[in-house]
Amino acid sequence: MTNSFVAFVGAPNSGKTTLFNVLTKSSHRTVNYPGSTVDYARGELSKEYGKSVTLVDTPGTYSLFPKSRDEEVTFELLFDTKRRPNLVVVTVDVSQIARHLLLVQQLVECNFVVLIALTMADRVNPSEINVEAIRKAFGAPVVLVSSMTGLGIKALAQEIIKRKNLLPSSIRDVMEWEPRKYERVLGQNKQIQSHVFLQKRINQSRERTKILDRFLLHPVFGFVTFILLMFGLFASIFWLAAPFMDMIDGAFGYLASTTVEMFPDNLIADFVGNGIFASLGAVLVFVPQIAILFLGISILEDSGYLARACSLIDKPLSKLGLNGRSFVPLLSGYACAIPAMMAARSMSSKKEKFLTLFIIPLMSCSARLPVYALLLTFLFWGEPAYKPAFFMVLIYLCSLFVGGVTAAIGNRLLKIKDVSFFIHELPYYRRPSVRLVMHHVFSKTWAYVKKAGPVIFVFAIIFWLATTFPNYNAPTDIEKLQTSYAAKAGQVMEPLMEPMGGDWRTGTALVAAFTAREVFVSALALVFQIADEDEDSLQNSLIEKMKVATNDRGDLLFTTSSVVGLIIFFMIALQCMTTVGVAVKEFGGWKWPLIQLFTFTTVSYVLAVVAVQILRAFGVG
Amino acid sequence: MVIMHLNIMTGALHLQAKNQVYRIIEVGGNDVIVERLLEMGFAPGEEVRVVSQMMFAGPMITEIQGATVALRLEEAACIQVLL
């Protein structure tokens with residue numbers, strides 16, 4: 001990293017990251033701190049302000065006494081002797097001055113060059129604010145800003161540019177603060193706060209929050225609303241996304257079949273149609289679902305509701321050895337385990353963090369959606385739509401149940417003694433900014449496409465090669481496939497797949513799914529050469545092929561029992577290598593990720609086999 | 001628990017009634033928890049209001065210096081207030 005940089009520090013919910021996004025025009029990226037496993041967002045001050053300055057966003061912290069991994073990151077960045085920030089911009093919520101100035105006081109005591117950004121100015125009347133008292137008390141410049149209205153942003157950028165090359169003479173270590181000191185400093189801060197507001201005014205955000213909380217935090221209605229909101233969120237993933245998914249599916253299906261039809265018996269056209277279009281389409285089709293889930297999470301988070309949801313669910317989660325703070329990581333796990341695991345950094349207790357990280361891969365992530373969608377559509381082909389929808393809900397509830405049981409078992413087995421606490425600030429409700437929510441949704445969804453896209457592309461090539469060669473001139477497709485390299489490789493798998501009701505084709509698709517779960521669908525699409533089918537969508541072609549697929553003995557390959565077995569396997573198995581990689585980083589070693597990989601995959605296989613055999617014993621095909 | 005101390009009645013916050021304002025006298029208990037409470041503004045001399053209480057003995061919602069903070073009953077028990 002460059003030598004000079006400006007660090008953004010502030011309490012959670014003080015508007016720090018939003019301000020950082022505004023100043024960098026959101027063109028920042030997460031970088032790895034050299035020599036450690038710490039991630040932070042780094043960006044350049046937007047060009048419109050004239051000068052180039054490196055800005056670094058740090059995880060929110062209330063003090064310089066870290067209690068979670070997140071807060072340690074901030075601490076390590078500030079006190080790294082080799083790369084000291086030239087300037088520390090501290091965000092102080094204008095409605096929380098007395099409390100948020102505690103951090104300013106600690107930074108000043110340690111000799112940092114501080115610039116105070118008084119945020120959320122849209123909540124007050126700027127003409128009634130006098131920042132002079134703060135400036136005098138800390139000897140630091142103060143700028144009143146609002147990321148929502150843009151007030152003071154330019155002035156803040158200029159102040160940053162003015163000070164970007166300053167360096168404090170020497171940084172002092174943090175001295176412990178006694179309770180009496182907190183008492184004294186808070187008292188002083190309250191004095192300062194009283195000078196800032198020229199008029200005694202009614203805090204409207206606070207009043208609105210009080211009224212809303214009376215209902216949303218009500219012992220009974222609070223829970224009912226919570227359950228309805230969660231139900232609404234997951235229902236919208238299916239209902240809202242459906243038309244968009246049909247569009248994408250139809251478009252890629254058309255591209256694939258047209259390409260193959262246009263050049264019959266052409267190897268390259270076959271590759272482009274069956275290999276690239278069909279497999280990419282199989283993955284892109286559920287981008288709408290991911291986007292909607294992230295949209296819901298962003299709106300809930302930015303409005304301030306998510307913090308309340310954590311409090312509502314703290315008690316039930318604590319019974320499983322988890323914490324209210326596990327809620328956001330677990331909910332994110334329904335989108336993707338990777339950001340979910342990183343969200344667990346805000347947790348203080350090591351044991352609770354371990355348990356949360358351990359069960360995140362069991363949450364039904366969006367990569368499983370296309371697999372379930374395909375398998376359920378297959379099971380309920382031609383039946384009313386509410387049936388697959390009902391079973392999808394059932395799968396989600398099952399995954400929640402499996403996660404809960406796993407956490408409860410882990411809670412018994414894991415012998416880590418540490419302090420568990422839940423002291424959680426509930427921010428004022430506010431209307432989420434459309435721009436920021438959209439940015440969030442777009443960046444998360446794009447990150448997903450970027451992660452999945454290349455993997456799928458490479459596998460499409462490998463799979464197409466393996467299923468087409470060496471006998472690419474075979475008279476029939478079936479023969480071409482049965483003599484292909486993929487078939488030979490898959491035959492090794494066959495003894496393992498038999499008890500699950502599969503053959504080498506499901507086996508190879510399952511192995512491929514270990515790179516990313518959604519590859520399962522594209523692998524099946526490749527194995528069955530679906531672009532040759534004359535159907536209006538990829539999914540219809542694939543299901544038609546699955547309906548008639550038989551194994552060597554002529555028995556149907558996809559039956560109710562074998563499909564149920566596959567669903568159970570996908571529910572539990574840890575098939576995402578990217579997750580394992582992130583888990584190594586978040587657990588701080590290979591031990592736990594390997595335990596996860598081994599137990600989840602073994603248990604899923606055993607349960608799948610048991611389910612298939614029981615169903616067959618009861619005469620279900 | 002009610003302690004008589006120089007004719008002043010004090011009690012732990014987790015036992016206190018809803019919609020009342022209390023003055024904090026002392027914050028004591030586990031070091032990490034005490035420090036976090038202090039950082040959040042639960043310092044001696046401050047006023048705290050009990051807003052509500054979650055179902056099944058879940059977290060207590062309090063108001064401290066204009067901020068709403070949820071805390072478990074165990075943590076609220078660390079806060080001694082004037083009755």
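Let's start in chain B: Thr10(B) lies in strand β2 (residues 8-12) of chain B, where helices (H or I, at least four residues) and strands (E, at least two) are DSSP runs numbered from the N terminus. This is a predicted model, in which local features need pLDDT of at least 70, side-chain atom pairs count only at pLDDT 80 or more, and totals for chains, interfaces and linings use all residues. Residues are numbered from 1 along each chain as its sequence is written, chains are lettered from A and ligands numbered from 1 in the order in which they are written, and side-chain values use heavy atoms, with hydrogens and water left out.

Thr10(B) counts as buried because its relative accessibility is 10%; buried means under 20% relative accessible area, exposed over 50%, and partly exposed in between (1.4 Å probe, protein chains only). From Thr10(B) to Arg23(B) you go 13 residues in sequence, and the two are 9.6 Å apart in space, C-alpha to C-alpha.

How far can you trust chain B? Its mean pLDDT is 89, with 92% of its residues at 70 or more; pLDDT is the predictor's confidence in each residue, from 0 to 100. Within chain B, strand β1 (residues 3-5) has the lowest confidence, a mean of 56, while helix α2 (residues 73-76) has the highest, at 95.

Now for some backbone oddities. Most residues other than glycine have a negative phi. Here are three with a positive one:

| Residue | Phi | Place |
|---|---|---|
| Ala57(B) | about 55 degrees | loop between β4 (47-53) and β5 (60-64) of chain B |
| Gln65(B) | about 50 degrees | loop between β5 and β6 (67-71) of chain B |
| Lys25(A) | about 55 degrees | just after α1(A) |

Ala57(B) is partly exposed, with a relative accessible area of 43%, whereas Gln65(B) counts as buried at 18% relative accessibility. As for the helix ahead of Lys25(A), α1 (residues 16-24) of chain A is mostly covered, with seven of its nine residues buried. Among them are Lys16(A), Leu19(A) and Phe20(A).

Staying in chain A, Thr61(A) sits in the loop between β4 (54-57) and α2 (69-79). Is Thr61(A) buried or exposed? At 2% relative accessibility, Thr61(A) counts as buried. Leaving aside neighbours within four places in sequence, its contacts (heavy atoms within 4.5 Å) include Val9(A), Pro12(A), Glu71(A) and Leu103(A).

Next, the inside. The largest nonpolar core has 114 residues, and Phe327(A), Phe520(A), Leu524(A), Met546(A) and Phe558(A) have the most contacts inside it; such a core is a set of buried Ala, Val, Leu, Ile, Met, Phe, Trp, Tyr and Cys residues joined through side-chain atoms within 4.5 Å. Helix α12 (residues 305-319) of chain A gives the most to this core, eight residues. Apart from it lies another core, of 36 residues, including Val90(A) and Leu103(A).

Finally, helix packing. The axes of α15 (residues 350-359) and α26 (residues 591-617) of chain A come within 10 Å and cross at roughly 40 degrees. That makes α15(A) oblique to α26(A); angles under 35 degrees count as roughly parallel, over 145 as roughly antiparallel, 65 to 115 as roughly perpendicular and the rest as oblique. Axes are lines fitted to C-alpha atoms, for helices over the stretch in contact, with angles from 0 to 180 degrees between N-to-C directions. Helix α25 (residues 577-587) of chain A also packs on α26(A), at about 145 degrees with the axes 8 Å apart. Residues making that contact include Met577(A) and Val580(A) of α25(A), and Trp592(A) and Pro593(A) of α26(A).
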